[in-house]
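Reader: Could you walk me through this model, please, and take it slowly?

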Amino acid sequence: MGKLNNIDNPNNINSSDTLSLEFVSEHALSIPSFKMLDASGKMYKGAMKSTMDKKTALRIYATMRFVRVLDERMLAAQRQGRISFYMQCLGEEAAVTASAAALEDKDMIFAQYREQAALAYRGFSLENFMNQNFSNEKDLGKGRQMPIHYGSKELNYMTISSPLGTQIPQATGYAYGQKLDGEGACSICYFGEGAASEGDFHAGLNMAAVHKAPVLFFARNNGYAISTPASEQFKGDGIACRGVGYGMKAIRVDGVDALAVYEAVKMARDYAVTNNEPVLIESIAYRLAAHSSSDDPSGYRSKDEEENFRENCPIARFKSYLLKQGWLDEAQDEKAKDEIRQQVLDALKTSEKIEVPALEELVTDVYEQVPPHLQRQYEQLKQHIIKYPEAYPATAARIVSNTQEAK
Amino acid sequence: MAKMNMLQAINSALSIAMEENKRSCVFGEDVGHFGGVFRATSGLQEKFGKERVFNTPLVEQGIMGFANGLAALGYTTIAEIQFADYIFPAFDQIVNETAKFRYRSGNEFNVGNLVIRTPYGGGIAGGLYHSQSPEAYFAHTPGLQLVFPRNAYQAKGLLTSCIESNDPVIFFEPKRLYRASVGEVPEEKYSIPLGKAEVVKQGSDISLLAWGAQVEIIEKAAAMAEQEGISCEIIDLRTVLPWDVETVVNSVLKTGRLIVSQEAPVTAGFASEISATIQQECFLHLESPIDRVCGLDTPYPLAHEKEYMADHLKVYEAIKRSVNY
């Protein structure tokens, strides 16, 4: 049946009319997962042709492997009490790395907190990773935030903020500015399926669609928000279906399949930048790691469940593909892995010996200039530390020796 | 009596309340089967079922809006915000809805059966977003009650009163002490009145006032000062809003000196409110200016946490300044 009345459309709806009284089913929309590689790393029969060149593929692989080693070492360092906190990317390396690889360097990355692989792909140095985790004076964030809260202006990676979902509307605003600047850049915004429950998700996606912002919303559906399974998080078909509700293009992709993620994000990026529109991408993977070093998954899921997913390793799958392509040499790969392990260990040892930031950094950057009241508080604190140096060992020695030099 | 830590004491208060009243629910992020990230609600879902104890989606504004609705129906509603640092998406629901429900409806409706539990405070290497003490924002909101336990015993008794109170409460739990504070706690129900400060220790030279985890800090400072013969009166405010002016006034009339210590930044913190009231009430009895020992006016840092905190040495120095004024 066509339109019953041809009137103006102040309600901004797009539908025909009907005389039959019925609900639209909650299952009306079912979105398939885009795949290219099977579990053994072989291209599915009939899969689309990959556009990923050898150089990109090897860079993605090297990044994933690096992050796996980094995560293992840093979690161990946390267990040894050398750093206070850590979060692993385990099981989601392909989703994060291949999505970042599909971007251009000028594109902005708004991460949630589990996307160290995107930053590594951009070229963040091992030293920079370490210095942040050790909150030392060489940390770009000046030792102010917990480990893994990375950020880099140079690499277009917005500094992580712990509150969930806050980056989503920010990415929309940033991308809107990128559109106005007209330089063909866009933003990608990562978040988990749990964070997609936050009000900021709705705000960010709706505004992006209404204001036509070139932003890629990358939902990492990894099955868990700390202990809460996705089944207690939402009732709809994942996150991707919501894109349709906001009036934006959406795609679901197998997040364990680096090739598929790369192609999906590349297509999404092209579309977003060409049309100045947002795209919602949902990656399906499994958070193999605990939520963080403070979490113990044995309280909410079984070892069997974890083992089942452990076999579905994104790095192993991509490695098989590279071997089949003849792009990777097994022996060289093993050697490279050992080298990375050693580099990580060496960097860790160097970084943990670097001093904490100078006391001044406690009061800088609250405002662009330190205001008088804060300057006073700082001076009082300094005098207090000089009086009780043994109580503030991280900063006292330097303050005392600076004061003596000044005299 | 049993030895309990603060988490067990909180769990016990929740369990007794849910046992007593079938029209009660406990919910929040990860509070269901897992029992919360700190395990304060451990075992409650097994005891009372998934309809009354449950995980919510990850949305603080939703949790508080839902809580307001459920409480408006008369349910005893105990909502958890996982960290006080994450309460701000719910700010609108708390400040504009929870706090004003009774007033705006001419008492046609109220959400007096609502308790918001939230871990707050620093000293755990939590950095900017796992350390804040946001009570001052809420203290500026008439209609709310703000309650802080200092140990396991206080936590159970105060939480029981919060649950039974007919006005909404935010119950700020000092997470630094969750497992560290262990003491004798009755297994049966008991309550500690809201709106009443407690003089933890009598003294004659100076009054020290704090709430929550900071009480331990002023106790430590007092012990140092006592070594030098300075007699300190220690007061735990317990309820920050509405606060017990009378107990503090009586103490300051006796000692003539007051130091208020809070974890939060000094500017516009609740210590400032107390200072203003006490100088008005006790002006002619004051021997020295009222002092505030607080966090610095910066975000809560990580590498410089020790330096930032209002620790016992800073309180001790303030005691000496006050006494030698």
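Author: What follows is a short talk about the contact between the chains, the pocket and the cavities. The model is predicted, so to speak of local features pLDDT must be at least 70, side-chain atom pairs count only at pLDDT 80 or more, and totals for chains, interfaces and linings use all residues. Residues are numbered from 1 along each chain as its sequence is written, chains are lettered from A and ligands numbered from 1 in the order in which they are written, and side-chain values use heavy atoms, with hydrogens and water left out.

Reader: How many residues does each chain put into the contact?

Author: Chain A gives 47 residues and chain B gives 40 residues, where contact means heavy atoms within 4.5 Å. Between them the two chains bury about 3300 Å², 61% of it on carbon and sulfur atoms; buried area is the accessible area (1.4 Å probe) lost on putting the two parts together, summed over both.

Reader: And which residues form a salt bridge there?

Author: The rule finds one across this interface, and Glu317(B) pairs with Lys387(A), the closest N and O atoms being 3.0 Å apart. The rule asks for a side-chain nitrogen of Lys or Arg within 4 Å of a carboxyl oxygen of Asp or Glu.

Reader: Changing topic, what is the volume of the largest pocket?

Author: The largest pocket has a volume of about 960 Å³. On a 1 Å grid over the protein atoms alone, a pocket is an open set of points with protein on both sides within 12 Å along at least five of seven lines, a cavity is a set where a 1.4 Å probe fits but cannot get out, and lining residues have an atom within 4 Å of a point.

Reader: Which residues lie nearest the centre of that pocket?

Author: Of its 49 lining residues, Ile226(A), His291(A), Ser292(A), Phe83(B) and His130(B) lie nearest the centre.

Reader: How many cavities are there, then?

Author: The count comes to four cavities of 30 Å³ or more, and the largest has a volume of about 50 Å³. Its lining includes Arg176(B), Gln214(B) and Glu263(B).

Reader: What about the second largest cavity, where does it lie?

Author: It lies between domain 1 (2–185) and domain 2 (198–323) of chain B, because both give residues to its lining; the domain bounds come from an automatic or database domain assignment. The volume of this second largest cavity is about 40 Å³, and among its lining residues are Tyr120(B), Trp211(B) and Gln262(B).

Technical notes: Points joined across faces, edges and corners; volume = space filled by probe spheres on them.
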